[in-house]
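The following exercises are to be worked with the sequence and the coordinates at hand. Each task is followed by a stepwise solution.

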Amino acid sequence: MGETQTPSRSSKPMIAVLPFVNMSEDPEQEYFSDGITEDIITALSRFRSCLVIARNSSFHYKDKSPTTQDLVCDLGVGYVIAGSVRKVGNRVRVTAQLVECDSDSCIWAENYDRELEDIFAVQDDLTRTVASTIPGLIRTAVLGCAERASVGTLQAYDLLLRARRHLDAFTKADSTAGKELLEKALQLDRTNPRILAALANFHQLDWIMHWVMEGDASLNEAYRLSKEAVELDPTDCFT
């Protein structure tokens, strides 16, 4: 048998953002910690000076405890971001740490205690700090906050995160529930590309799985929503 080969390292620093752990007393709040993880991946992906492991690969380690060497062997990364989210009432605490894989050492850690209304500021602070901490990763000119489409209201953002969990469940009932949540979100924020893209995903899934009588109508709606989302923000990987 041949030896197991480690994926080759890119010339750019490679980062894996592991799923943030839900530390809230309510397990139903896990959608919130997953949403925070996805948005951090999206924000960091905008920096051209580094490569960020895709969401699907990172979430393979959800509810697992991989070592840094496991991640080096599996993904070829040089850095790992891990953390937790605790949501209590109208406040949220996000804890994050940056680990250098070669030395298996934590080179940065931070806690963010904020009102939920400031959740977007938490994401921006975290992204900026990580980018400026990794030596030589990001030039000074791009250390500003990563531009992204932000959901206009906290309520719309919450609905979007809940809908994403239904998409992962991959059932007809969850598809119906997810679309209902996103329709409510659109009433609050009609021009947000992420909401439109998520709704397009549900309609596409309905067509693929033959969950609706008018399959062509679902496919056409998925195309219309996707096109609108891309026109609103062609740089967002969620669209």
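**Exercise 1: Helix H7 and its ends**

H7 is followed by His 210, which has a positive phi, near 60 degrees. The model is a predicted one, in which local features need pLDDT of at least 70, side-chain atom pairs count only at pLDDT 80 or more, and totals for chains, interfaces and linings use all residues. Residues are numbered from 1 along each chain as its sequence is written, and side-chain values use heavy atoms, with hydrogens and water left out.

Task: Determine the span of H7, what caps its N-terminal end, and what covers its buried residues.

Solution.
- Step 1. Helices (H or I, at least four residues) and strands (E, at least two) are DSSP runs, numbered from the N terminus. H7 comprises residues 193–209, 17 residues in total, and reaches 24 Å from its first C-alpha to its last. This is close to the 24 Å expected at 1.5 Å a residue, the expected span being 1.5 Å times one less than the number of residues.
- Step 2. At the N-terminal end, Asn 192 acts as the cap: one of its side-chain oxygens lies 3.0 Å from the backbone nitrogen of Arg 194.
- Step 3. Buried means under 20% relative accessible area, exposed over 50%, and partly exposed in between (1.4 Å probe, protein chains only). Twelve of the 17 residues of H7 are buried, including Ile 195, Leu 199, Phe 202 and Asp 206.
- Step 4. The cover over these buried residues includes H1, H5 (154–169), H6 and H8 (215–232).
- Step 5. H1 (residues 30–45) is itself mostly covered, with 14 of its 16 residues buried.

**Exercise 2: Consecutive hairpins**

Task: Trace the pairing of S5 with S4 and with S6, and identify which residues stand opposite Val 92.

Solution.
- Step 1. Two strands pair if DSSP finds at least two bridges between them. S4 (residues 79–88) and S5 (residues 91–100) are antiparallel over ten bridges.
- Step 2. Two residues separate S4 from S5 in this hairpin, and Gly 89 in the turn has a positive phi of about 60 degrees.
- Step 3. S5 also pairs with S6 (residues 105–115), again in the antiparallel sense, over ten bridges. This second hairpin has four residues between its strands, and Asp 104 in the turn has a positive phi of about 55 degrees.
- Step 4. Val 92 of S5 is the bridge partner of Lys 87 and stands opposite Arg 114 in S6.

**Exercise 3: Cysteines**

Task: State how many disulfides the model contains, and whether Cys 73 and Cys 101 are buried or partly exposed.

Solution.
- Step 1. With a disulfide taken as a pair of cysteine sulfur atoms within 2.5 Å, the count is zero.
- Step 2. Cys 73 counts as partly exposed because its relative accessibility is 39%.
- Step 3. Cys 101 has a relative accessible area of 0% and is therefore buried.

**Exercise 4: Confidence**

Task: Identify which elements have the lowest and highest mean pLDDT, and where pLDDT is below 50.

Solution.
- Step 1. pLDDT is the predictor's confidence in each residue, from 0 to 100. The protein chain averages 80, and 80% of the residues score at least 70.
- Step 2. Among the elements, H4 (residues 119–133) has the lowest mean, 66, and H6 (residues 172–188) the highest, 95.
- Step 3. Over residues 135–151 the pLDDT is below 50. Beyond near neighbours in sequence, this stretch has 41 contacts (heavy atoms within 4.5 Å) in the model.
- Step 4. Residues 1–6 also stay under 50, with three contacts beyond four places in sequence.
- Step 5. Where pLDDT is low, the predicted coordinates should not be read in detail.

How values were computed:
A polar contact is a pair of N or O atoms within 3.5 Å; within protein, one must be able to donate a hydrogen and the other to accept it, and residues adjacent in sequence count only if both atoms are side-chain atoms.
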